[in-house]
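Open the model in your viewer and keep the selection panel at hand. Each stop says what to pick and what to look for there.

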Amino acid sequence: MVAYSQSWTTRDLAAMPDDGGWKRYEIIDGELYVTRAPHIRHQGAAGKLHVRLENWSEQTGLGSAFQAPGVIFTPTDAVIPDVVWISQARLADGVDEAGHLIVAPELMVEVLSPGDLNEQRDKEVKLKLYSRHGVQEYWIVNWQLKTLEIYRRAEAQLQLVGTLLVGDTLSSPLLPGFSAPVADIFR
């Protein structure tokens with residue numbers, strides 16, 4: 001996080017220098033978060049989830065999966081989650097001219113990066129943000145421990161419903177017929 005006397009906005013992000021993708025800039029509640037390009041195992045887990053979600057989406061025609069899209073909830077809440085899945089209905093009117101999502105995808109996925117601040121951002125700050133903006137399901141993937149936490153919307157907020165381990169199979173009522181062995185995500 002970078003100290004700044006005023007709230008950061010998406011307009012400020014547009015003025016950031018392009019470093020070729022080595023840094024990720026996100027704003028949550030007007031605070032700027034800057035992270036480096038993630039570990040290759042982080043990228044591997046995100047990529048495998050993206051492929052499985054996209055393959056399922058192509059078979060069903062229900063939506064689309066995207067890896068590292070820009071999601072702008074408000075001028076002071078703009079993030080780049082590792083993976084999202086969004087229904088055709090939300091996608092139809094949910095993209096701005098620059099190609100950013102401007103509606104909440106049904107599913108957001110974050111793969112944890114090492115470090116207490118990174119974990120706090122994904123497990124607390126982003127959990128609250130996604131809950132506040134109507135995300136239906138949130139998966140937090142820990143490639144180091146090989147676990148996947150599933151949060152689902154209940155009583156107007158995202159709540160932890162379970163933690164999957166390597167021997168488990170990932171599925172979701174949000175994605176009828178989707179399933180993936182958790183072990184395959186970490187290979």
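Select serine 172 first. In this predicted model, serine 172 has a relative accessible area of 7%, so it falls under the 20% limit and counts as buried. Serine 172 sits in the loop between strand 11 (169-171) and strand 12 (179-181). Now show its side chain. A polar contact of 2.8 Å ties it to the side chain of glutamate 137. A polar atom of the serine 172 side chain also lies 3.0 Å from the backbone nitrogen of leucine 174. Which residues touch serine 172, once neighbours within four places in sequence are left aside? They are Glu137, Trp139, Arg152 and Phe178.

**Aromatic stops**

Two of those contacts, Trp139 and Phe178, lead to the next selection. Add Trp56 and Trp85: with Trp139 and Phe178 they form one aromatic cluster.

How many aromatic pairs does the structure hold? There are six. Pick phenylalanine 73 and tyrosine 130 for one of them: the pair is tilted, with 6.2 Å centre to centre and 55° between the planes. This pair links distant parts of the chain, with phenylalanine 73 in strand 4 (residues 71-74) and tyrosine 130 in helix 4, 57 residues apart. Phenylalanine 73 is buried at 14% relative accessible area. Tyrosine 130 is buried too, at 0%. Keep tyrosine 130 selected and add tyrosine 138. These two form an edge-to-face pair, 5.0 Å centre to centre with 90° between the planes. Tyrosine 138 is buried as well.

**The sheet**

Switch to a cartoon view. Six strands make an open sheet, in the order 3-6-7-8-9-10, with mixed pairing. Which strands stand at the edges? Strand 3 (63-67) and strand 10 (157-164) do; each has a single partner strand, so one side of each has no neighbour in the sheet. On average, neighbouring strands of this sheet are turned by 15° against each other, direction ignored.

Zoom in on strand 9 (residues 147-154) and strand 10. They run antiparallel and are joined by seven bridges. For one residue position, select isoleucine 150: its bridge partner in strand 10 is glycine 162.

Stay in strand 9 and pick glutamate 149. Is glutamate 149 buried or exposed? Its relative accessibility is 15%, so glutamate 149 counts as buried. Its side chain makes a polar contact of 3.0 Å with the side chain of tyrosine 151. Beyond four places in sequence, glutamate 149 touches Lys123, Tyr138, Trp139, Ile140, Leu160, Gly162 and Thr163. Tyr138 here is the residue paired with tyrosine 130. For a distance check, take alanine 98: it is 51 residues from glutamate 149 in sequence and 32 Å away in space, C-alpha to C-alpha.

**Helices across the strands**

Select helix 4 (residues 116-132). It lies across strand 7, strand 8, strand 9 and strand 10, at about 165° to strand 8.

Next, select helix 2. It lies across strand 3, strand 6, strand 7 (107-111), strand 8 (137-142) and strand 9, and runs at about 165° to strand 3. Put a ruler on its ends. At 1.5 Å a residue, the 21 residues of helix 2 (residues 40-60) should span 30 Å; the end C-alpha atoms are 30 Å apart, so the two agree. Now colour its buried residues: His42, Ala45, Ala46, Gly47, Leu49, His50, Leu53, Glu54, Trp56 and Ser57. An α-helix has 3.6 residues a turn, so residues three or four places apart point the same way. Just after helix 2, click glycine 61, whose phi is positive, near 70°.

**Strand 3 and strand 6**

Select glutamine 67 in strand 3. At 39% relative accessible area, glutamine 67 is partly exposed. Its contacts beyond four places in sequence are Gln43, Ala46, Gly47, His50, Asp82 and Val83. Among them, Ala46, Gly47 and His50 are buried in helix 2. Threonine 9 is 58 residues from glutamine 67 in sequence and 23 Å away, C-alpha to C-alpha.

Finish at serine 87, in strand 6 (residues 83-87). Serine 87 is buried, at 11% relative accessible area. Its side chain reaches the side chain of glutamate 106 through a polar contact of 2.6 Å. Past four places in sequence, serine 87 is in contact with Leu62, Gly63 and Glu106.

Notes
Residues are numbered from 1 along each chain as its sequence is written. This is a predicted model: local features need pLDDT of at least 70, side-chain atom pairs count only at pLDDT 80 or more; totals for chains, interfaces and linings use all residues. Side-chain values use heavy atoms; hydrogens and water are left out. Helices (H or I, at least four residues) and strands (E, at least two) are DSSP runs, numbered from the N terminus. The expected span of a helix is 1.5 Å times one less than its number of residues. Buried means under 20% relative accessible area, exposed over 50%, partly exposed in between (1.4 Å probe, protein chains only). A polar contact is a pair of N or O atoms within 3.5 Å; within protein, one must be able to donate a hydrogen and the other to accept it, and residues adjacent in sequence count only if both atoms are side-chain atoms. Contact means heavy atoms within 4.5 Å. Two strands pair if DSSP finds at least two bridges between them. Axes are lines fitted to C-alpha atoms, for helices over the stretch in contact, and angles run from 0 to 180 degrees between N-to-C directions. Rings of Phe, Tyr and Trp (its six-membered ring) pair if their centres lie within 6.5 Å; planes under 30 degrees apart count as stacked, over 60 as edge-to-face and the rest as tilted.
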